[in-house]
Amino acid sequence: MSKALIIVESPAKAKTIQKYLGKDYEVLASKGHIRDLPKSGLQVDVEHGYAPHYEVLEDHKQVVTEMRRAAKEADEIFLAPDPDREGEAIAWHIAHELRSAKKPMHRVEFHEITKKGVQLGLSTPHEVNQNRFNAQQARRILDRLIGYELSPVLWKRLCRQVNGHYLSAGRVQSSALRLIVDREDEIIAFKPQEYWPVGVELLGANRPSFRASLIESDGRKLVTPTRERVPKAGDYVLGNEADAAAVTADLKSARYKVAAVERKERRRRAPPPYITSSLQRDASSRIGFSASRTMQVAQRLYEGIDVGAEGPVGLITYMRTDSTRMSAEAVDGARTYIEQRFGKEFVPEKPNFFKTRSNAQDAHEAIRPTSMELHPDAIKKFLKSDEFKVYRLIWERFVACQMAEALYDGTTVTIEAQGAKKHLLRVSGQVLKFAGWLEAQGAGERAEEVAGEESVRDGAATSAEGGDEEKTLPLLVEGEALNVVDPPGVLTEQKFTQPSARYNEGSLVKALEDLGIGRPSTYAEIVSKVLSRDYVQKVDKQLVPTKLGTTKTHGLQARFPTVVDYEFTAKIEKDLDAVESGEADWVKLVDAIYKPFKEIVVAEMSAKEPGEGWPRPEPSDRICEKCGSPMVKRWGPNSNFFACTAYPKCKNIVDENPAPAPEVYADRKCPKCGRDLLVKTRRGTDEQFLSCSGWRKKEPLCDYTAPMPIGIRCPKCSDGEVIKVGAAKGRRPFWGCSNYATDLKCDFRLFQPPVKESCPQCNATFLVQAGGKTRPVLKCVTEGCGYEKPLALGEGNEHDGDGEEAPAPKFRAGAKKAPKKGASAAAT
């Protein structure tokens with residue numbers, strides 16, 4: 001009997017597909033890319049058409065051996081990596097490695113990992129798309145050329161390493177970093193404008209009272225400054241306390257009446273289904289997930305989750321897409337579900353369809369559930385916490401996108417106040433009268449605009465728009481007299497305009513999408529690389545450039561403007577799209593970009609002195625204490641320093657702000673040599689750790705280091721101390737026992753920050769901070785205790801991690817100690 005070999009990317013996807021196809025097929029996983037440019041050297045022949053030198057990755061050699069074995073035994077081969085550029089490249093390289101088997105090879109694409117989706121993919125085989133592979137290859141080669149040529153420039157002008165990482169400059173990542181740095185520069189340069197808004201609490205014939213805001217005084221329209229709107233000469237602004245006091249004094253004795261009432265229905269259209277960027281933005285704002293974490297979870301949902309008797313099932317369609325297109329069958333399924341779940345009035349007369357961006361590739365459907373039979377609540381027990389949260393987001397959005405508009409009754413009331421002068425005030429409000437698609441989002445989500453909604457707004461109502469809050473105004477009629485409710489009476493307060501907010505991961509993805517930088521398959525990678533290179537740090541989920549990131553960006557802007565130019569980077573993306581569509585030649589594209597770039601690199605590397613944009617030595621009045629020569633002030637990634645001008649004869653350097661000498665940790669000695677332990681801080685961070693006093697930069701007497709204890713004994717083994725571990729960049733920290741690496745192997749863990757405060761209920765030695773920022777609490781995790789104490793918002797430690805609150809582990813006080821645990825040809 002004939003047998004076919006199918007090769008996909010991941011073992012999870014292979015397992016799901018194998019279940020659908022049975023014994024006539026063998027399904028293997030490539031486990032990602034099997035070939036790539038070796039890490040050492042340029043590995044691109046610039047003189048001969050930019051021919052790359054690929055090699056099988058060291059950790060994939062066994063995978064390739066297994067694929068070759070299976071290829072010899074198969075009658076035909078189906079290459080089924082993900083349906084995008086990277087997937088096409090993986091398919092191309094697999095075909096290259098299996099060409100010696102001389103078996104028929106077909107490229108197939110699975111847009112959803114369901115039985116129907118797999119059968120549809122197998123029924124439409126085609127050749128590997130050479131143009132799509134060329135687009136991926138051009139991107140890979142450009143990234144290698146620019147990265148390898150630019151990194152030595154950074155080493156020369158800035159420094160070679162920071163915190164153990166070599167400095168690098170990615171093509172797309174540099175533009176993304178510039179966005180963050182430009183925003184920080186804008187915040188630093190921002191000059192706040194003072195203003196004093198005035199409001200009056202009023203009551204008419206009907207309750208409740210309401211607060212109206214001053215909009216005009218003595219015939220002059222009041223201008224409220226914002227960061228986008230700077231008042232011009234002649235504009236009427238209450239810009240100081242004296243001006244505001246004069247107006248409020250008149251308003252306190254004024255007579256009030258309703259001048260005009262305007263009522264109209266406002267509509268809020270359903271948002272489109274998720275594409276990659278909008279999923280990442282909503283996951284960031286609503287469940288606190290990073291872009292990379294969101295995509296990792298979505299990948300698992302796409303590849304297949306075991307849902308009981310049915311076995312592994314792909315729960316969502318392909319998650320790297322820029323299209324809002326949906327199949328007619330999926331839309332019909334959603335409309336049927338909406339009618340059954342919510343009622344006929346929630347189903348619009350015609351299905352909702354949405355415009356896809358003009359620059360979208362439109363290769364895949366929008367992200368949606370593969371079956372309306374698999375409700376999130378019905379399969380929750382089979383999903384991990386993060387899988388459930390992301391799946392519920394996707395489910396709710398897909399259902400919402402096919403529901404009727406939300407309807408509001410909007411009211412705007414203009415009020416006349418007659419004192420010594422005539423003033424006008426205004427109050428607006430809107431009340432939801434028909435929830436429509438908001439019903440699928442849940443009441444808690446109705447107030448804020450969701451990702452993607454801006455594309456269908458078109459003047460429709462949103463609660464964030466125009467200051468209209470979802471509040472009920474009393475019945476008011478034109479000419480009705482109004483009275484001041486005192487207190488609070490007439491109110492005014494000092495305010496200042498605020499600069500633009502720093503980017504978070506979600507808003508950065510939105511900015512990249514708007515500028516045309518990157519593609520759905522690269523957004524998460526761009527953000528994660530920017531964060532992992534010591535150029536940006538997260539502060540309360542905001543992206544703040546480091547000193548190194550700012551200096552690097554300013555230098556590149558001055559010396560390599562095209563590398564960080566938004567339009568140029570976006571144009572490259574369009575050119576790569578043209579290569580994929582067969583309209584452009586990839587070699588000519590690479591040549592047009594690389595040659596002028598290389599000329600600047602050569603000029604920069606040959607210049608002895610740093611040019612404009614790079615930090616330069618500054619004269620100082622400091623004298624070298626070793627040789628008596630003058631010292632100059634030089635730039636450093638963490639702090640500046642003074643260097644002797646007699647270098648290289650004298651290599652003396654002195655930090656501008658030297659760190660204080662580390663304190664001795666009094667509670668114990670070094671377990672390795674018995675010397676004192678010192679409390680040190682990791683360079684560039686606030687993370688403290690213990691280090692033996694015998695450590696030296698050269699020829700250390702002792703190399704012992706350990707995480708910093710927090711003063712809490714391990715409740716499981718009673719021997720070790722609770723320490724924070726796993727806090728490296730990009731990893732979620734947790735708290736564990738200091739005996740985790742000893743012979744004892746204690747496996748105690750906490751995923752919420754412990755607080756050294758005794759439990760008043762069971763006398764446990766510590767509590768943990770839980771509930772996130774919205775409902776912070778201190779609670780006891782001793783099994784059966786249940787003690788919990790609310791915290792004021794902002795009190796306590798910041799919750800570490802991506803925003804998900806992990807379940808607290810349960811353990812019994814006084815538990816027993818943990819037991820011991822015994823190289824190929826260049827591409828053509």
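Which residues form one aromatic cluster with Tyr337? Select Tyr391 and Trp395 alongside Tyr337, and you have the cluster on screen. Before you go on, keep in mind that this is a predicted model.

**Stop 1: aromatic pairs**

The count of aromatic pairs comes to 10. Start with Phe346 and Phe434: their ring centres are 4.9 Å apart and their planes meet at 35°, so this pair is tilted. Now colour the chain around them. Phe346 belongs to the loop between α10 (328–341) and α11 (385–401), while Phe434 is in strand β19 (residues 422–434), which makes this a link between distant parts of the chain, 88 residues apart. Switch on a surface and look for Phe346: with 9% relative accessibility, this residue counts as buried.

Next, select Phe734 and Phe751. They make a tilted aromatic pair too, with 6.0 Å from centre to centre and 40° between the planes. Phe734 is in strand β36 (residues 734–737) and Phe751 in the loop between β37 (749–750) and β38 (754–755), so the pair ties together parts 17 residues apart in sequence. Are these two rings buried or exposed? Phe734 counts as buried at 14% relative accessibility, whereas Phe751 is partly exposed at 27%.

**Stop 2: the strands around β36**

Stay with β36 and add its neighbour β35 (residues 721–725). The two strands pair in the antiparallel sense over four bridges, and Lys724 stands opposite Trp735 in β36. β35 is mostly covered, with four of its five residues buried. Now bring in strand β34 (residues 709–713), which pairs with β35 over two bridges, again in the antiparallel sense. Here Arg713 stands opposite Glu721 in β35.

**Stop 3: charges over rings**

Select Arg160 and Trp155. The charged end of Arg160 sits over the ring of Trp155, 4.2 Å from the centre of that ring. Then jump to Arg178, which lies over the face of Tyr566, at 4.2 Å from the ring centre.

**Stop 4: an open sheet and its helices**

Select β2, β1, β7 and β8, in that order: these four strands form an open sheet, and the pairing is parallel. Which strands stand at the edges? They are β2 (25–29) and β8 (105–107); each has a single partner strand, so one side of each is left without a neighbour in the sheet. Turn the view along the sheet to follow the twist, which averages 20° from one strand to the next.

Zoom in on β7 (residues 76–79), where three bridges join this strand to β8 in parallel. Among the residues to pick out is Phe78, whose bridge partner in β8 is His106.

Now show the helices. Helix α2 (residues 61–73) lies across β1 (4–8), β2 and β7, and runs at about 165° to β2. Helix α3 (residues 85–97) also packs on the sheet, where it touches β1, β7 and β8; its direction makes about 175° with that of β8.

**Last stop: cysteines without a bond**

How many disulfides does the structure hold? The number is zero. Select Cys627 and Cys644 to see an example: the sulfur of Cys644 is the nearest cysteine sulfur to Cys627, at 3.4 Å, and Cys627 is in no disulfide. With a disulfide defined as sulfur atoms within 2.5 Å, that distance does not qualify. Cys627 is partly exposed, with a relative accessible area of 39%. Add Cys650, which is in no disulfide either; the nearest cysteine sulfur is that of Cys644, 3.7 Å away. Cys650 is buried, with a relative accessible area of 10%.

Terms used:
Residues numbered from 1 in each chain as written. Predicted model: local features only at pLDDT ≥ 70, side-chain atom pairs only at ≥ 80, totals over all residues. Heavy atoms only, no water. Phe/Tyr/Trp six-rings, centres within 6.5 Å; stacked < 30°, edge-to-face > 60°. Buried < 20%, exposed > 50% of the residue type's maximum accessible area, 1.4 Å probe, protein only. Lys NZ or Arg CZ within 6 Å of the ring centre and 35° of its normal. Pairing = 2+ DSSP bridges. Axes fitted to C-alpha atoms, helices over the stretch in contact; angles between N-to-C directions. Contact = heavy atoms within 4.5 Å.
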